[in-house]
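Student: Before we discuss this protein, could we agree on how to read the model and then take the questions one at a time?

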Amino acid sequence: MDLTDKKIIVTGGARGMGAATVAAYVEAGATVVAMDVLDDEGRAVAESATQTGPGSASYRNLDVSNKGRVDIVFAEAVEQIGGLDVLAHPAAIQRSATAENTPVSDWDLMFAVNVRGTMLTNAAAHRHMKGTGGSIINFGSISGLRAEISAPAYSASKGAVHSWTRTAAGSWGKDNIRVNAILPAIATPMYDEAIARLDHDGRTAHYWQNEESIALGQKYGDPKEDLGPVMVFLASDGSRFITGQLIPVDGGQASVR
């Protein structure tokens with residue numbers, strides 16, 4: 001799947017699934033602008049991807065929850081690369097809690113980044129794709145499909161991302177813009193940090209609810225080998241008739257459990 005001449009923005013591009021997506025797109029020949037709030041890591045990802053080619057990557061600082069910054073940074077990036085064909089939007093945060101003890105500050109922060117950030121970046125991408133069409137790839141989660149005892153606010157935010165993705169797909173199909181959401185079970189630094197915040201009982205419960213239910217190996221997937229090719233496909237013209245879908249990339253976690 002060749003992405004030569006594709007112009008792409010990747011949010012959350014400094015690490016984890018975002019960094020793997022940047023690398024996969026550059027390897028497929030695309031011109032990429034990675035965005036994040038982790039500047040040193042973001043620049044390093046862009047530089048490393050560009051060195052491997054044949055595409056190229058650059059980096060810009062962006063808080064996806066800030067509308068003014070989203071509008072400005074997207075406009076600057078689109079001018080820099082000469083258009084926009086694809087937005088990949090992995091940027092998100094996670095916090096652990098119980099339903100009865102979820103801090104309001106955590107709830108508000110996750111909805112600001114995970115939900116408002118999805119709406120703002122998608123809307124900005126739509127403005128720049130409206131005349132030519134394109135692909136928007138959001139990141140949902142199995143957490144948005146089921147009860148999530150240890151992460152209720154994260155679960156609620158991802159459920160909102162799922163609903164938004166379907167609505168955006170229905171609204172923007174007339175503009176030849178397809179909008180889908182990946183539901184990944186992929187090992188990332190954010191995943192490792194979430195596990196580290198759990199106590200022993202929480203980690204045990206997490207294994208039986210998550211890893212054990214993955215039919216392909218009982219463990220989370222690899223960002224490069226398991227996620228990267230799917231992200232390339234959804235950015236390519238091969239996915240031109242796919243929109244409004246929640247697409248698990250999870251070894252069977254969502255559907256086989």
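Tutor: Let us begin with a term: a residue counts as buried under 20% relative accessible area and as exposed over 50%, and it is partly exposed in between. Please keep in mind that this is a predicted model.

Student: Is S213 buried or exposed?

Tutor: S213 lies in the loop between α7 (200–209) and α8 (223–235). Its relative accessible area is 11%, and the cut-off for burial is under 20%. S213 is therefore buried.

Student: Which residue has its backbone oxygen 2.7 Å from a polar atom of the side chain of S213?

Tutor: A polar contact requires a pair of N or O atoms within 3.5 Å. The distance here, from a polar atom of the S213 side chain to a backbone oxygen, is 2.7 Å. The residue that supplies this backbone oxygen is N210.

Student: Turning to the whole chain, what is the radius of gyration of the protein?

Tutor: The protein has nine helices and seven strands. For its 257 residues the globule rule gives 18 Å, and the value for the model is close to this, so the protein is as compact as a globular protein of that length. Its radius of gyration is 17 Å.

Student: Among contacts between residues at least 6 apart in sequence, what percentage join residues at least 24 apart?

Tutor: Contact here means heavy atoms within 4.5 Å. Among the contacts between residues at least 6 apart in sequence, the share that joins residues at least 24 apart is 75%.

Note on methods. Residues numbered from 1 in each chain as written. Predicted model: local features only at pLDDT ≥ 70, side-chain atom pairs only at ≥ 80, totals over all residues. Heavy atoms only, no water. Helix = DSSP H or I, 4+ residues; strand = E, 2+ residues; numbered from the N terminus. Rg over C-alpha atoms; globule rule 2.2 N^0.38 Å. Buried < 20%, exposed > 50% of the residue type's maximum accessible area, 1.4 Å probe, protein only. Polar contact = N/O pair within 3.5 Å; in protein donor to acceptor, adjacent residues only side chain to side chain.
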